Amino acid sequence: MVGYLHFTGCGHRVRVVSHDVLGLTVWEARLPGSPESLLARRRMARGLDGLEDAGCRRLLAPCPLVPYYPTVHTRSLWQAVAAPLVLADLRQRGLEPCRSVVAVRGDRMTRGYLRTCQALAREVKALSLSLLRQETFCWNLQQELGVPLVEGGAAATLSFLPGQWRPGFFPVGDDDPSMGGWRLELPGLTLPDGCPTLPALAALLDAGRLPVGEVLCLPEGRACRETENAI
C-alpha cells in the first residue's frame with residue numbers, strides 16, 4: 001500500500017484516512033497547519049507513524065524528515081508512455097511522425113525499450129537506434145516491421161539512460177524523470193486532495209491497475225479533452 005503526507009492548513013489533529021483509487025488503497029496522513037510551521041516536523045513524524053500502522057510501505061512523495069523512506073518512482077510510468085510522448089511532441093511542433101526520424105538510445109535491451117521501438121516503428125518514417133551489442137536486434141526489428149534504420153537526422157530523441165530534458169530530447173532513465181512542460185493525465189480519474197498525480201499514476205501502474213492506453217500526454221496548459229495524444 002502507498003500513502004502521502006498532506007498539510008491541510010486546518011486546525012484539526014493528525015489523522016490517517018484511506019481512499020480507493022481504481023482499486024488501489026491510498027492512505028492520506030492529514031496534517032494540520034503548513035510545512036513551515038514550528039510543529040511541522042512533529043506532525044510529519046506522527047503522520048508517518050500513522051501510515052506505518054495502517055500498513056503503508058511506500059510514500060508517493062519524499063518526506064524531508066526521513067529521506068530514506070521508500071518512495072514510488074515514476075521511471076516505469078514515463079517509459080510506458082515514451083512512444084506516445086514523443087509522437088505528441090512531434091505533432092506539437094508541427095511535424096508529421098510519418099515524415100520524421102526518431103532516435104532511441106539505450107545501453108541494454110529491456111522490455112520497455114523493445115515496446116517503444118515497436119510502437120514507434122508503426123508511426124514514424126525511420127528509427128535511429130543506439131543499443132550496445134544488440135546489432136542482431138536492430139536487424140530483426142527492421143525485418144519484422146519494415147522500418148528503415150538510419151544514422152542521425154532525428155527530429156526527436158528518446159533516451160533510456162539518465163539525462164537532462166531539453167526540447168526534443170526525452171530521457172526516461174532516471175528514477176523520477178523530469179519532462180519539462182509535459183504532463184500525464186488519466187481522464188475521469190479523481191485523486192484525493194493533496195495526492196501527487198505522477199506518483200499516483202506510477203503506483204497504479206506498479207499494481208497493474210492503470211489503463212495505460214487511456215493515459216494522455218499533454219503540454220502544460222492544454223486541457224485533457226484533447227485526446228489525440230492518447231496511447
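Let me start with one residue, Leu127. Leaving aside residues up to four places away in sequence, Leu127 touches Val101, Val102, Val104, Cys117, Leu120, Ala121, Leu141, Val147, Pro148, Leu149 and Val150. Keep in mind that this is a predicted model.

Where does Leu127 sit? It belongs to the largest nonpolar core, which has 48 residues. Leu127 is among the residues with the most contacts inside that core, along with Leu60, Val102, Val104, Leu120 and Leu184. Which helix gives the most to this core? Helix α3, residues 82-92, with seven residues. There is another core, apart from that one. That other core has 13 residues, including Ala29, Met44, Leu59 and Cys63. As background, nonpolar side chains tend to be buried together in soluble globular proteins.

Now the whole chain. The protein has six helices and ten strands. Its C-alpha trace spans about 60 × 40 × 30 Å along the principal axes. How much of it is buried? Of the 231 residues, 44% are.

Next, contacts along the sequence. Take contacts between residues at least 6 apart in sequence: 59% of them join residues at least 24 apart.

On to the surface. The protein exposes about 11,900 Å². Carbon and sulfur atoms supply 48% of that area.

Last, charge. How many side chains carry each sign? There are 25 positive and 23 negative side chains. The centres of these two sets lie 2 Å apart.

To recap: a core of 48 residues with Leu127 among its best-connected members, and another core of 13 residues apart from it.

Notes. Residues numbered from 1 in each chain as written. Predicted model: local features only at pLDDT ≥ 70, side-chain atom pairs only at ≥ 80, totals over all residues. Heavy atoms only, no water. Helix = DSSP H or I, 4+ residues; strand = E, 2+ residues; numbered from the N terminus. Buried < 20%, exposed > 50% of the residue type's maximum accessible area, 1.4 Å probe, protein only. Contact = heavy atoms within 4.5 Å. Areas by Shrake-Rupley, 256 points an atom, 1.4 Å probe, with all protein chains shown as cover. Lys, Arg positive; Asp, Glu negative; His and termini not counted. Charge placed at Lys NZ, Arg CZ, Asp CG, Glu CD. Core = buried A, V, L, I, M, F, W, Y, C linked by side-chain atoms within 4.5 Å.
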